[in-house]
Amino acid sequence: MQDVLNLLLELQIIDEDMGELDRSKVYLPEMIANINNEIIALETEIAENEQKLLDARKRQKEIEIDIETDKEELSKYQKQMKVIKTNKEYDALVAEIDSRKQRISDNEDEILKLMGIIDECTEKLSELKTKLDETRETTKTHLENLNAEMSTLESKINNKIKQRDNLVKNIDRRVLSMYERIRKGKGSMAVVPIRKRSCGGCYKQIPPQLIQEIRRGDKIYTCDSCGRILIWTNEEE
Ligand SMILES: [Zn+2]
């Protein structure tokens, strides 16, 4: 019977490992995605700022051309002022000159704003690029490890399945179904050691008489409180 208990313990270790591997199947892709998302978010922010910078520079060039044109027209109108003949002509010319001056002034204000945006974007881009490099550098090894772990996960699971199949061949069907029923019911350990004269699963005290019987290992004993299979592991006196 001691052999069966040892087999059950071995089975339980395999089942715990399989549970861990199954959980890895969920959390490894999540961790990989989190790291990748962090990098993608930075790349997106960089692309947005680069576009903003391009737009601002393009707009600046357009406005500079407009200012040049307005200045040329302004000087043309100012020359015409010298040869003006009527009040009507004068008023019309003054209106043109004023409107050009106003437009030049407005455009110069906009250029100042654009230069501010360009400086801001340039500074922001330099910060973001440094942060991206740092993030790539610090997560590189972690990401490689996670990917490596991910790529071996299926074969590890298959190995455990094979190990389990081989092991359960040697376990009595009734004992096996008892183990599986307890494990399913508890959602965890079905076989627990005795610790401090108590059940290692629910900590209920076990009478000394019963402990002696369990130590002999003649049959399978279960905890009358939680129903788990109790074993003696020699870790206690
Ligand atoms: Zn118990």
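Biologist: How far apart do the C-alpha centres of domain 1 and domain 2 lie?

Modeller: In this predicted model, those two centres are 70 Å apart. Domain 1 covers 23–153 and domain 2 covers 174–231.

Biologist: Nice. What makes you say the chain is more spread out than a compact globule?

Modeller: Let's start with its elements: four helices and four strands, in the order α-α-α-β-β-α-β-β from the N terminus. The radius of gyration is 40 Å, and the globule rule gives 18 Å for 237 residues, so the chain is more spread out than a compact globule. Along its principal axes, the C-alpha trace spans about 130 × 35 × 30 Å.

Biologist: And what share of the 237 residues is buried?

Modeller: Buried residues come to 10%. To be called buried, a residue needs 20 or more other C-beta atoms within 10 Å of its own.

Biologist: Which residues have the most contacts inside the largest nonpolar core?

Modeller: They are Leu8, Tyr179, Val191, Ile229 and Leu230, in a core of 16 residues. Helix H1 (2–81), helix H3 (173–186), strand E1 (191–195) and strand E4 (229–231) each supply at least two of the core residues. Leaving out residues up to four places away in sequence, Tyr179 touches Leu8, Leu11, Ala190 and Ile229.

Biologist: Good to know! How do you know what confidence the predictor has in the chain?

Modeller: From pLDDT, which runs from 0 to 100: the chain averages 95, and 99% of the residues score at least 70. Confidence is lowest in helix H4 (residues 208–216), with a mean of 92, and highest in helix H2 (residues 87–168), at 97.

Conventions
Residues numbered from 1 in each chain as written. Predicted model: local features only at pLDDT ≥ 70, side-chain atom pairs only at ≥ 80, totals over all residues. Domains from an automatic or database assignment. Core = buried A, V, L, I, M, F, W, Y, C linked by C-beta atoms within 7 Å. Buried ≥ 20, exposed ≤ 12 C-beta atoms within 10 Å, placed from the backbone. Contact = placed C-beta atoms within 7 Å. Rg over C-alpha atoms; globule rule 2.2 N^0.38 Å.
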